[in-house]
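Here is a short report on one protein chain. Please keep the sequence and the model in view while reading.

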Amino acid sequence: MNSPHELTQLLDALRALRDGGEPRAALATLTRTRGSTFRRPGTHMLVLHDGRVVCELSGGCPQRDIVARALEVIAHGAPRRVIYNSESGLDVLMEMGCGGELEILIEPLAPAGATAFADSLARCLEARIDAQLATLFAIDGQVIAPQRMVWSAQRVLFDGVDDAATGAVIADACAAHRARGATTQQLASTHGRLDVLIESVQPPHALVVIGSSAAARALLPLSTALGWQTTLVDHDPARLQSPDLPVGLRTLCTTPEQLQHALPLDAHSSVVVMTHNLERDIAWLAALRDAPVAYVGSLGSRERVSRMRHASELQGLRLHAPAGLDIGSETPEEIALAVAAEIMAVINARSGGPLRDNDGAIHG
């Protein structure tokens with residue numbers, strides 16, 4: 001599915017289309033996959049009438065074919081489902097050696113009401129609220145004009161489903177959906193078998209970097225490139241005025257005691273402490289002991305980390321130290337890469353090991 005950063009770009013583009021008048025565009029959505037594929041269900045690509053795209057769906061031949069079919073959908077105004085596999089004759093992935101199968105829903109975005117769900121979903125992202133986006137796109141196997149629902153915190157935030165009974169079925173499915181990704185479910189209703197794509201939508205990850213060391217400065221542009229909301233924190237205001245900081249970076253001058261009051265932290269946040277002063281690091285880490293964050297990391301040698309772990313102030317803190325994956329990092333840029341990779345592994349519940357097993361087999 002789309003990353004939160006990609007989804008933000010997509011929602012901005014959808015709202016811009018709506019505000020610009022009658023949209024001439026199509027939304028391509030990956031609804032099912034089988035085998036090895038470029039992306040997972042829930043990935044969206046916006047195709048404009050001139051062939052430009054927002055958020056690429058795949059690579060190479062499949063995407064070119066999807067764009068061509070999206071332009072046909074824009075011209076004819078009816079949604080369609082395209083299946084890429086050997087049975088359909090659209091086995092471009094197999095020809096490229098991937099061996100995967102794709103099911104793509106392509107829908108025209110006229111009238112403008114087709115993008116109405118974007119406002120509710122964008123508000124969830126801005127408020128850093130988890131949500132579910134449900135898309136009803138077929139009944140008894142027949143593709144229909146998609147109908148959407150946005151659900152969060154035990155309530156419906158947007159209801160674009162025509163029938164109240166059908167909407168209740170979909171809302172119940174959203175409430176029961178616990179997976180982090182997206183899946184297409186077949187739901188029983190009084191109107192027949194519903195094909196509904198349910199996506200878990202999470203706010204963009206937020207990275208807080210505490211300290212202005214060389215490694216900290218190297219982590220900032222990498223974090224921004226990953227689409228993370230990045231904040232540099234230091235107790236010294238002069239260090240936050242450095243001319244080599246990325247443009248648009250959020251900075252915060254505060255103390256460990258005031259950190260959680262000055263900067264809201266949540267389960268989609270990570271914090272890396274990189275001041276290179278042991279006592280100061282311990283003070284910042286102690287301030288994070290009860291913070292509801294996904295990851296807390298700190299740099300340091302083995303001896304330095306050992307002293308951190310024995311500090312009474314840090315007892316009970318789940319600390320990643322030394323922060324980063326073991327990739328032989330030495331330079332500030334290499335250290336930043338290792339730290340960012342470990343954060344990604346943690347928030348995606350992955351081990352951080354190689355994609356292949358010891359026997360050479362590739363796993364997902």
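The sections below cover the chain as a whole, one sheet with its helix, a cavity and a loop residue.

## Overall picture

The model is predicted. Its chain has 364 residues, and 47% of them are buried. The secondary structure comes to 10 helices and 15 strands.

Taken along the principal axes, the C-alpha atoms fill a box of roughly 65 × 45 × 40 Å. Contacts that span long stretches of sequence are well represented: of those between residues at least 6 apart, 58% join residues at least 24 apart.

## The five-stranded sheet

One open sheet has 5 strands. Their order is β13-β12-β11-β14-β15, and the pairing is parallel. The edges belong to β13 (250–253) and β15 (295–298). Each has a single partner strand, so one side of each is left without a neighbour in the sheet. From one strand to the next, the twist averages 20 degrees.

At one end of the order, β12 (residues 229–234) pairs with β13 in the parallel sense. The pairing runs over 4 bridges. Here V233 stands opposite L252 in β13.

## A helix across the sheet

Helix α6 covers residues 214–225. It lies across three strands of the sheet: β11 (206–210), β12 and β14 (269–273). Relative to β11, helix α6 runs at about 170 degrees. That angle is close to the 180 degrees of exactly opposite N-to-C directions.

## The cavity

How many cavities of 30 Å³ or more does the structure hold? There is 1. The largest cavity has about 50 Å³ of space.

Its lining consists of L7, L10, L14, L27, H44, F117, L133 and E199. By class, that is 6 nonpolar, 1 polar and 1 charged residues. Helix α1 (residues 4–19) gives the most to this lining, with 3 residues.

## T115 in its loop

T115 sits in the loop between β5 (101–108) and α4 (117–126). Is T115 buried or exposed? Its relative accessibility is 1%, and buried means under 20%, so T115 counts as buried.

Leaving out residues up to four places away in sequence, T115 touches L14, R18 and L109. One of these, L14, also lines the largest cavity. F117, another lining residue, falls within the range of α4, the helix that follows the loop of T115.

How values were computed. Residues are numbered from 1 along each chain as its sequence is written. This is a predicted model: local features need pLDDT of at least 70, side-chain atom pairs count only at pLDDT 80 or more; totals for chains, interfaces and linings use all residues. Side-chain values use heavy atoms; hydrogens and water are left out. Two strands pair if DSSP finds at least two bridges between them. Helices (H or I, at least four residues) and strands (E, at least two) are DSSP runs, numbered from the N terminus. Axes are lines fitted to C-alpha atoms, for helices over the stretch in contact, and angles run from 0 to 180 degrees between N-to-C directions. Contact means heavy atoms within 4.5 Å. On a 1 Å grid over the protein atoms alone, a cavity is a set of points where a 1.4 Å probe fits but cannot get out, and a pocket is an open set with protein on both sides within 12 Å along at least five of seven lines; lining residues have an atom within 4 Å of a point. Grid points are joined across faces, edges and corners, and a volume is the space filled by probe spheres set on the points. Ala, Val, Leu, Ile, Met, Phe, Trp, Tyr, Cys and Pro count as nonpolar, Asp, Glu, Lys and Arg as charged, and the others, Gly among them, as polar. Buried means under 20% relative accessible area, exposed over 50%, partly exposed in between (1.4 Å probe, protein chains only).
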